[in-house]
Amino acid sequence: MALIIFSWIYIFISAHLFGTFVNHSFKLKNGLVVTQFLGFFLITLFTSLYGIFSGINSLFHVILFLINIGFALYLKDILLEYIGIWKQRINDLSTFIKIAFFIITFLIVAKCATAPYLIDNEFYYLQTIKWLNEYGFVKGLANIHFFLGQTSGWHILQSVFNFEFLYDRFNDLSGYCLWLGNIFALQRLNQFFKKEKTGRKLLIFGLFPLANVLYFQFISAPSSDIPVITISFIIFWLLLKGNKNPDRSTFITIYLLCFFTLYIKVSTLFLVLIPLFLLIKTYKYCTKILYPIILFGFCTLVLLVIKNQVLTGYPFYPLQVFQIVKADYALPESIQDLFFRYSKVYAYFITFEEYQHMSMLQRFLTWLQLPKLNGLFNKLIMVLFLLIPFVIQKFRNRKILYFIYFLGIFQLIILFLTSPQYRFFLVFVLFFLNLATASIFAKKKIIKTILIASVVISGIPIFLPINLNSFTKDRFAMPLTTFEFSYLLLPHGNSKTYSNYKIQKEGNLKYFSPVSSDNIWITGDGPLPTINSEQIKFFKENFGIVPQLRTDALEDGFYSKKVNWK
């Protein structure tokens, strides 16, 4: 825990310096949490540009450190002013909020120190970040494991703040992100307690910590779900705060945060509708600032396209359209088709053949009637969509809330056409639940009681052994591990699937394969390149292709070679 806290101090300083530069450049008026996320966005873009040419290694950190010093000197007067504002904000917090903050902080750091829960961490998170640290963006990397083509902006940022040249157990950026989300929520909750009768809008966002028990299962690995949920809540807050006519600062901030979220996860495309919606409403007011922010968005899109092109050979991956440059390392269509099939049926727990023979209604009923946690959330989604229009009538900002509601419908339709996993829809589930709770329990004493109960419940799985797998049908779900005394200083390793690796060879490719693994996609924290030999065998037997080096050097990338298999 101690080492995680030290790393977070540096993350805080770096993000705030970069974020303050963004605020200063666009003349924005943002608080601590929003400034941090704007700083993350700028660091991610800078890292992406750097990763085209080199690995995110010690030299990168020297450059980042020098930039931090430059920003500190350039912005020293603004930074000193921030310190005064922070002191005042801390003094304004009630004793209850301060105690809640310290307990939640302890629980978040404690959870980050334990072993990661998400299986995706073992599939490709760790390997994605290792490749970024060693080589940056590698041509055709998806050919050795098609999950590596999904390299997220959040993984790019984690490759900066895992400090791989110093220590090999920092993998907790999502935990830091959740910590920021809780700070943002507790500030709103503190304001609500001061104006209870008129603060329902504040309460919607102040209730964010109630779902910590759910968030905690994502934060010991760099899951992109946590930043997507947290930033989306902030965007929704800025929308409601701006009401009908957001000011210049609010409009630019929403625009930047929407593009950051899109760079983290392409499935959040629905968020792009928000700045378009605001632009239509405030076009005359925003014409003077339109060109700079469009340029900023264009640069983000260019980096996204370059990243996809290098990793997969397709600029708009996972789409196979608009291939700008035909590269020898482009991912074969057969592998992409497998990825699409895998994604589509994953949420239904059926085979692709069963999926094909089902009508839309049958798929919907199958999805709705899934057992355990999956079916519970799916039913909850449907209930919320039926009831939320009635809940919205109790609030003043109805137009904005209805706009968010229709964004949710749009997202749900997109998910049904792709992969309707409930975790891709958690943003709206949690927001609508908070909306409903705020409409029913808008009393200070009740909210305090609920918050205390949620803190206790969220802490139980950290210190007491609980089998969460009994609540899910996901065959890839891993058991939880509890906090140990040794974690007070040193966190658990980044991988939960400790394994020995043996060197294998396929053509000109030498690779490391896990000695014992019950899943062909698992690579864990193995040395580069790690590929499960069973995975190579699977593609060789079923598709007649094997991954090969383009040259003698790993940094020159990979391609898929057709072979005859008998």
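**Figure 1. Glu506 and Lys540 join in a salt bridge.** In this predicted model, the side chains of Glu506 and Lys540 meet with N and O 3.1 Å apart. Look at where the two partners come from: Glu506 sits in strand E1 (residues 501-506) and Lys540 in helix H22, so the bridge links distant parts of the chain, 34 residues apart. Are these two residues buried or exposed? Glu506 has a relative accessible area of 17% and is buried, because buried means under 20%. Lys540, at 18% relative accessibility, falls under that same 20% limit and therefore counts as buried too. Side chains of opposite charge can pair when their charged atoms come close.

**Figure 2. Arg550 reaches Asp328 in another salt bridge.** The closest N and O atoms of this pair are 3.1 Å apart. Which parts of the chain does the pair tie together? Arg550 belongs to the loop between strand E3 (545-549) and strand E4 (558-562), while Asp328 belongs to the loop between helix H14 (283-312) and helix H15 (333-346), so parts 222 residues apart in sequence are tied together. Arg550 is partly exposed, with 28% relative accessibility. Asp328 is also partly exposed, at 49%; that value is still in the middle class because exposed means over 50%.

**Figure 3. Lys265 and Asp225 form a salt bridge between buried residues.** Here the closest N and O atoms are 2.6 Å apart. Lys265 lies in the loop between helix H12 (248-264) and helix H13 (273-281), and Asp225 lies in helix H11 (residues 225-242), so this pair ties together parts that are 40 residues apart in sequence. Both partners are buried. How many salt bridges does the count come to? The count is four, and the pair of Lys265 and Asp225 is one of them.

**Figure 4. Helices H18 and H20 cross at roughly 45°.** Helix H18 covers residues 372-392 and helix H20 covers residues 426-440, and their axes come within 10 Å. The angle makes H18 oblique to H20, and the crossing is left-handed. Which residues meet here? From H18 come Phe377, Leu380, Ile381, Leu384, Phe385, Ile388, Val391 and Ile392, and from H20 come Leu426, Val429, Phe432, Leu433, Leu435, Ala436 and Ser439. Sorted by type, the residues of this contact are 14 nonpolar, one polar and no charged. Ser439 is the polar one, because Ser is not on the nonpolar or charged lists.

**Figure 5. Helix H2 packs with H11 at an angle of about 125°.** The axes of H2 (residues 32-51) and H11 are 12 Å apart. This arrangement makes H2 oblique to H11, and the crossing of the two helices is left-handed. Val33, Val34 and Phe37 in H2 meet Thr230, Ile231 and Ile234 in H11. The contact is made up of five nonpolar residues, one polar and no charged. H11 also appears in Figure 3, as the helix that holds Asp225.

**Figure 6. Thr20 and Ser14 are two residues of helix H1.** Helix H1 runs over residues 2-26. Is Thr20 buried or exposed? Thr20 is buried, with 1% relative accessibility. Leaving aside neighbours within four places in sequence, Thr20 is in contact with Thr35, Leu75, Ile78, Leu79 and Tyr82. Ser14 is buried as well, and its relative accessible area is 0%. With neighbours within four places again set aside, Ser14 is in contact with Ile43, Asn68 and Phe161.

**Figure 7. Ser517 lies in a loop.** This loop connects strand E2 (509-514) with helix H22 (533-543), the helix that holds Lys540 in Figure 1. With a relative accessible area of 33%, Ser517 is partly exposed. What does Ser517 touch, not counting residues up to four places away in sequence? The contacts are Ile522 and Asn532. Another pair to find in this view is Ser517 and Glu534: they are 17 residues apart in sequence and 9.3 Å apart in space, C-alpha to C-alpha.

Methods. Residues numbered from 1 in each chain as written. Predicted model: local features only at pLDDT ≥ 70, side-chain atom pairs only at ≥ 80, totals over all residues. Heavy atoms only, no water. Helix = DSSP H or I, 4+ residues; strand = E, 2+ residues; numbered from the N terminus. Buried < 20%, exposed > 50% of the residue type's maximum accessible area, 1.4 Å probe, protein only. Contact = heavy atoms within 4.5 Å. Axes fitted to C-alpha atoms, helices over the stretch in contact; angles between N-to-C directions. Parallel < 35°, antiparallel > 145°, perpendicular 65-115°, else oblique. Left-handed = near helix turned anticlockwise from the far one by under 90°.
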